[in-house]
Structure formats: structure tokens, C-alpha cells
Amino acid sequence: MQKLSIAEEILKKAEEYRDDVAQFLRDIVAIPSYSGQEKEVVDRIAQEMKKVGFDEVKIDGLGNVFGRIGNGKPVVAMDAHIDVVGVGDPTQWKHDPFKGKVENGIIYGRGAGDQKAGMASMVYAGKIIKDLHLEGDYTFYVVGSVMEEACDGLPWQYIVKEDKFRPDYVVITEPTNLNIYRGHRGRIEVKIQTKGRSAHAAMPEMGDNAIYKMARIVLGIEKLNDELKPDPFLGKGTAVVSQIFFKSPSENAVADECTIHIDRRLTKGETKETAIAEFEKVIKDAGVEAKILEQTYEGHAYTGATYSSEKYFRTWVMEEDSPIVQSAVETYKELFKSEPKVDKWNFSTNGVATAGLFGIPTVGFGPANEIYAHGPDDQAPIDHLVKAAAFYANFMQVISKKEK
């Protein structure tokens, strides 16, 4: 009988844990874990890490949970944020969002795909490595990061700057539909504010309407969006006026202040500085006075810690021939005997910090399809959990060999 390759042994072992990884995902989906309220799910994840045999399990000051196997080089961290967005309109859900319902081989619930599936698969990758005695000259970290939905990248800013932990490579396990992703657009969020002078609405000529001033700027932002140039890989940046606010003495008065919130998605080559310059030109072309207000997020963790970040999330792209992308491709081919699709996310991930801010080589591979993220059909196929667990375990074998 022909001896199985390591990749074949890993895939076989992953299949043996099909029921275990599915039940673990169901357990953590059943625990609501909104940003800043993740303690219960972090404790449950730490419990499972200990159960399957991680060498070390710890929780940092922000509440991120870490599981470690090994002590060698390279150091690879695989990340899954374990906070979730809200439910929205509960009548749109076919299944209870916090039950982890299984139907036709798919687990449904808030966070099932985005992105507790990645966490479940990573933990069982650790068990596969332990059971097959595949610990080598590398260190494998599984990270359950908090508060990502509130401010992507913030937990990894804390991890690198405060924990002083900087791995050699990062794998983001956000949903990719089992494809390999090598980047995504960034974004900046700003507010623009106009000031006016209030007057009675019966005598508007006595005032200076801040809303009218802002209207010209809003039209300028719409025009800016139409004129943005695309990148061949990441596509086009966008500029969206997502909210508008005003101040006025009453409903029968001229508004003396108006503020808009802008979500500016940044493609390759676009930065905070280029975006601010664009907004300044829009204001100049509108012929009005206005202030650009850069934004900061102030996060309050379940641990009691507070941590802040500017709302500038950097674009990142890894080249196709980079060692980390090539390792991911090789991992996929060894396991699944086919060519992977190498693509990008449409949304943003913690990669804005790991790759965008800190320059750590980063790649994405995750169970579930991103099209269900944040929707009432949030879901993860159990087949994806099994394959992702195998991928993560085999990736450690491939990347560690490339380092030799």
C-alpha cells in the first residue's frame, strides 16, 4: 500500500474532525460577541485551544486570545476576528442568528462566516498538527482578535505596538470562499463641516445657510467619485457621502452648521494625503469655506482597556511571486490537486494593519463566502471548515520549508 503524503495525511485527519470543528463553530456562533463584548466567546475559544493541545494559551490586555504551538522560526500568526456586527432586522433571518443552526451541511448564524468559521478551522489545524506530530522548526500562532468590526486593524495595532509581537507572516482567515486573496483596498473616513448664520425661515436672506453650502460640496464629491481612476488588480477607489448632519435653532430657521461623513475607499497608489488633497479641491471648486475633520476611533475593550486609531486604513497588495503568496498556492495545490483562484477582498480586513501599516507579509484564505458577510444569511459550509483546517495545517509545513 502506497504511503500517504503529508498533505494527504493532513486532509484525511481534517476529515476525521468534521463533526468536532462543526460543533465548535456552532458553539461560538451561539455566543453573541459584539465589539467590546467578546469575553464569553474568548473564554470558550481559549477552552477549546487548551482541549486540543496548544502549547500555550493567553489573553492580552485588549482581550485578544492567542494559542501557540512550537518555538521555532518562522513565526506565523493566523488571525480571525471574533467580534460580530448586529443582527439588523430579525424578521429577515430564516434561522435564529445565535443558534448555529445546521441545514444541508451549512451552519447559519451571525458570525458563522464572518468570521468565526476561520477561528474554528484554525484551532483544529492546531489539533491536526499535534496529532500527526508535525511540529517543526516554526511557531504557529492562532489569534482571535477583538473589536475588528468596530475598527479594522485596531487589534493588530495593539498586538504589534503594545504586546510587542510581530510575526514573520500573517494569514487572514476572513471568508474567501476557499480562494487565496493577496490584498484589498484601504479607506479613509473624514467629515467636512460648513458654518453659516441662523435666521428666521421667513427671512432666509438674513441668514447664511450652511446646508446650501454643503450641497455644492456633496455634488463635488459625487463628481469626484465618477472621475477616480481604477487599478488593474484592486479596481477603482470610491467616494461616498454616507451621512449628513445639521444644526439649526428650529425647524423654522436657517441652518448654521452642516456636516457630512465621507467613506473614501482607496485603491493602489491612493493615500490619506492624496484623498485630503482631493477634498480640498472639491471645497475650492465649490467656492465655499469648509473644514475637513479627520476622524479617530476610540475603542473600549471588555477588559476595561481603551485604545484608539485614526480612521485611515491603508491599502495593501502582495505580489503574486512573493514567498507568502507562493506558499499559499503550493499549499492549495498539494492538498486539493488543482489550481487556486488568487484574487482580492472587496471589503476591508485586519490586513490594513498587518500588511498596510506594519509591512508584515500577509495573505488571505478563509472558509465561507464573503457575499454573506453582515447579511441575514451569514453562513459557513462544513466542507469549508474541514478544507480550511487542512490548509492551515499544511501551510505551516510549506512556509517553514521555504524558510530553510
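**Exercise 1. The aromatic cluster and one of its pairs**

In this predicted model, ring pairs join Y332, F336, F365, F391, Y392 and F395 into a cluster. Determine how the rings of Y332 and F336 are arranged, and state whether these residues are buried or exposed.

*Solution.*
1. A pair of aromatic rings is described by the distance of the centres and the angle of the planes.
2. For Y332 and F336 the centre-to-centre distance is 4.9 Å and the angle between the planes is 70 degrees.
3. Plane angles over 60 degrees count as edge-to-face, and the pair of Y332 and F336 is accordingly edge-to-face.
4. Y332 and F336 are four residues apart in helix 8, so about one helical turn separates them.
5. Both Y332 and F336 are buried.

**Exercise 2. The crossing of helix 1 and helix 8**

Classify the relative orientation of helix 1 and helix 8, and identify the residues that make their contact.

*Solution.*
1. Helix 1 spans residues 6-16 and helix 8 spans residues 323-336; their axes come within 8 Å and cross at roughly 70 degrees.
2. Angles of 65 to 115 degrees count as roughly perpendicular, and helix 1 is therefore roughly perpendicular to helix 8.
3. Helix 1 contributes A7, I10 and L11 to the contact, while helix 8 contributes E334, L335 and F336.
4. By class, the contact residues comprise five nonpolar, no polar and one charged.
5. F336 thus has two roles: it takes part in the helix contact and belongs to the aromatic cluster.

**Exercise 3. An aromatic pair between distant parts of the sequence**

The structure holds 16 aromatic pairs. For the pair of F66 and F165, derive the geometry class and state which parts of the chain the pair ties together.

*Solution.*
1. The ring centres of F66 and F165 are 6.1 Å apart, and the planes stand at 85 degrees, so the pair is edge-to-face.
2. F66 belongs to strand 2 (residues 65-69), whereas F165 is in the loop between helix 5 (154-161) and strand 7 (169-172); the pair therefore ties together parts 99 residues apart in sequence.
3. Under 20% relative accessible area a residue counts as buried. F66, at 3%, is therefore buried, and F165, at 15%, is buried as well.
4. F66 also has a charged neighbour: K58 lies over the face of its ring, 5.8 Å from the ring centre.
5. Another charge over a ring is that of R182, which lies over the face of F233 at 3.9 Å from the ring centre.

**Exercise 4. Backbone exceptions**

Locate M147 and K164, which have positive phi values, and two cis peptide bonds.

*Solution.*
1. Most residues other than glycine have a negative phi, and most peptide bonds are trans.
2. M147 has a phi near 65 degrees; M147 is in the loop between strand 6 (139-145) and helix 5.
3. With a relative accessibility of 1%, M147 counts as buried.
4. K164 is not a glycine either, yet its phi is about 60 degrees; K164 is in the loop between helix 5 and strand 7.
5. With a relative accessibility of 68%, K164 counts as exposed.
6. The peptide bond from K73 to P74 is cis, with omega near 5 degrees; P74 lies in the loop between strand 2 and strand 3 (75-81).
7. The bond joining D114 and Q115 is also cis, with omega about -5 degrees; Q115 is in helix 4 (residues 112-131).

How values were computed
Residues numbered from 1 in each chain as written. Predicted model: local features only at pLDDT ≥ 70, side-chain atom pairs only at ≥ 80, totals over all residues. Heavy atoms only, no water. Axes fitted to C-alpha atoms, helices over the stretch in contact; angles between N-to-C directions. Parallel < 35°, antiparallel > 145°, perpendicular 65-115°, else oblique. Contact = heavy atoms within 4.5 Å. Nonpolar A, V, L, I, M, F, W, Y, C, P; charged D, E, K, R; others polar. Phe/Tyr/Trp six-rings, centres within 6.5 Å; stacked < 30°, edge-to-face > 60°. Buried < 20%, exposed > 50% of the residue type's maximum accessible area, 1.4 Å probe, protein only. Lys NZ or Arg CZ within 6 Å of the ring centre and 35° of its normal.
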